[in-house]
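Biologist: Could you walk me through this one before I go back to the bench? I would like to start with the sheets and then jump around a bit.

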Amino acid sequence: MPAILDDISTEILDLKKRIGATILAHYYQEGEIQALADITGDSLKLAREATKVDSPVIVFCGVLFMAETAKMLNPAKKVLLPDLQAGCSLVDACPADKLARYQEKMRLNGHKFQTVCYINSSARVKALSDWVVTSGNAVEVVRDRVPPGYEILFVPDKHLGRYLQEVTGREMILWDGACMVHEIFSIQDLLKMKKQHPKARTIAHPECPANILEHADFVGGTEAMIKHVANYKEPTEFLVATEANMMWELQRRYPQHTYLGVPGVTCSCNKCPHMARNTLEKVRDCMKSGDPEITWQPEFDRAKEVLTRSLLNPPATATVQPHGD
């Protein structure tokens, strides 16, 4: 890293000791941020790890809904987010008031349903839901924990929902939302890359559209991708269809392989502009000032119940009174 970044990194590590902070970073953060983190992971892993943090401060290098989740699951901690404007296109796709109106319409029309929301949603949407899923636990929740006889309203990611329908066999009513990063992968460029690298294995995130997943050798969330790549002992080429920073973690863990990012329709790599709002300078500054801080909101109480039941409690102990009943 350039000298100025080395200086900032040293400052961050000093601040971490001074204020008693644990740094959590998502795999979609820049490598220089992941390198400083105490824990890196996907949404499910980071949510679970947030409950175990003993230090008084959590610095969450990710986006707003992730930092809110950390606060809900460990409310006694001070949770800092380097940039409050680090949002999510999926969160924006499903406003809570619009979801509430749609749910009421379904009830009035006699639907018996449960609402399953992807963790990429606001706290208010989580509070309106029966289950919260990540790409890491979605199959298990949809297949095993939503009772038979209930329709499933899945929000907000239509691509993940369609994939879950195929894998679990559960029919779902899909909200019309999509991830701005995963939706723009170019099928033409993927097919071209597969011809150029005939021995390469394609790994894709289930947020990708069906035309990308159809040509993937493996479909899974970021944590599942890491586990899948670990199975290859000989050097292998991988075509990676997810946010480009994921390749930093894959390269760090399994440097014997070659990782090639699948292009988007408008660029040669796909990076999330919301994740990119977090920089080393902003990480340092939030630790210096203690701001921006995630504070407890009224909807966090109900959302925490749903998060805890969905992400932390084993199936045998999880009970739910459906919103749709």
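Modeller: Gladly, and please keep in mind that this is a predicted model. One open sheet is built from 4 strands, which follow the order S10-S9-S11-S12 and pair in parallel.

Biologist: Which strands stand at the edges there?

Modeller: Those are strand S10 (218-219) and strand S12 (258-261); each has a single partner strand, so one side of each is left without a neighbour in the sheet.

Biologist: And what packs on that sheet?

Modeller: Helix H12 (residues 222-230) does, touching strand S9 (201-204) as well as S10, S11 and S12, and the direction of H12 makes about 160 degrees with that of S9.

Biologist: OK, how many bridges join S9 to S10?

Modeller: There are 2 bridges between S9 and S10, which run parallel, and Ile-203 has Phe-218 as its bridge partner in S10. Turning to S11, S9 pairs with that strand in the parallel sense over 4 bridges, and there the bridge partner of Ile-203 is Val-240.

Biologist: What about S11 and S12, over how many bridges do they pair?

Modeller: Strand S11 (residues 237-241) pairs with S12 over 4 bridges, again in the parallel sense, and Phe-238 stands opposite Tyr-259 in S12.

Biologist: Switching to the 5 strands that form an open sheet, in what order do they come?

Modeller: The order is S2-S1-S3-S4-S13, and the pairing in that sheet is mixed. Strand S2 (39-41) and strand S13 (293-294) stand at its edges, each with a single partner strand, so one side of each has no neighbour in the sheet. Further in, strand S3 (residues 57-61) and strand S4 (residues 78-80) pair in the parallel sense over 3 bridges, with Leu-80 in S4 as the bridge partner of Val-59.

Biologist: I noticed His-26; where does that residue lie?

Modeller: His-26 lies in strand S1 (residues 21-26).

Biologist: Does His-26 count as buried or exposed, and why?

Modeller: His-26 counts as buried because its relative accessibility is 4%, and the cut-off for buried is under 20%.

Biologist: What is His-26 in contact with, leaving aside its neighbours within four places in sequence?

Modeller: His-26 is then in contact with Gln-34, Gly-41, Asp-42, Ser-43, Leu-46, Cys-61, Met-66 and Met-275. In addition, a polar atom of the His-26 side chain lies 3.0 Å from the backbone nitrogen of Tyr-28.

Biologist: New topic, helices: at what angle do H3 and H4 pack?

Modeller: Helix H3 (residues 43-50) and helix H4 (residues 64-73) pack at about 30 degrees, with their axes 8 Å apart, and H3 passes H4 in a right-handed crossing.

Biologist: Which residues make that contact?

Modeller: From H3 they are Ser-43, Ala-47 and Ala-50, while H4 brings Phe-65, Met-66, Thr-69, Ala-70 and Leu-73. The residues of this contact divide into 6 nonpolar and 2 polar, with no charged ones.

Biologist: Last thing, cis peptide bonds: what does Val-155 join to?

Modeller: A cis peptide bond joins Val-155 to Pro-156, with omega at about -10 degrees, and Pro-156 is found in the loop between strand S7 (151-155) and helix H9 (158-168). The peptide bond from Asp-291 to Pro-292 is also cis, with omega near 5 degrees, and Pro-292 lies in the loop between helix H14 (280-289) and S13, the strand that stands at an edge of the mixed sheet.

Terms used:
Residues are numbered from 1 along each chain as its sequence is written. This is a predicted model: local features need pLDDT of at least 70, side-chain atom pairs count only at pLDDT 80 or more; totals for chains, interfaces and linings use all residues. Side-chain values use heavy atoms; hydrogens and water are left out. Axes are lines fitted to C-alpha atoms, for helices over the stretch in contact, and angles run from 0 to 180 degrees between N-to-C directions. A crossing is left-handed if the near helix is turned anticlockwise from the far one by less than a right angle, and right-handed if clockwise. Contact means heavy atoms within 4.5 Å. Ala, Val, Leu, Ile, Met, Phe, Trp, Tyr, Cys and Pro count as nonpolar, Asp, Glu, Lys and Arg as charged, and the others, Gly among them, as polar. Two strands pair if DSSP finds at least two bridges between them. Buried means under 20% relative accessible area, exposed over 50%, partly exposed in between (1.4 Å probe, protein chains only). A polar contact is a pair of N or O atoms within 3.5 Å; within protein, one must be able to donate a hydrogen and the other to accept it, and residues adjacent in sequence count only if both atoms are side-chain atoms.
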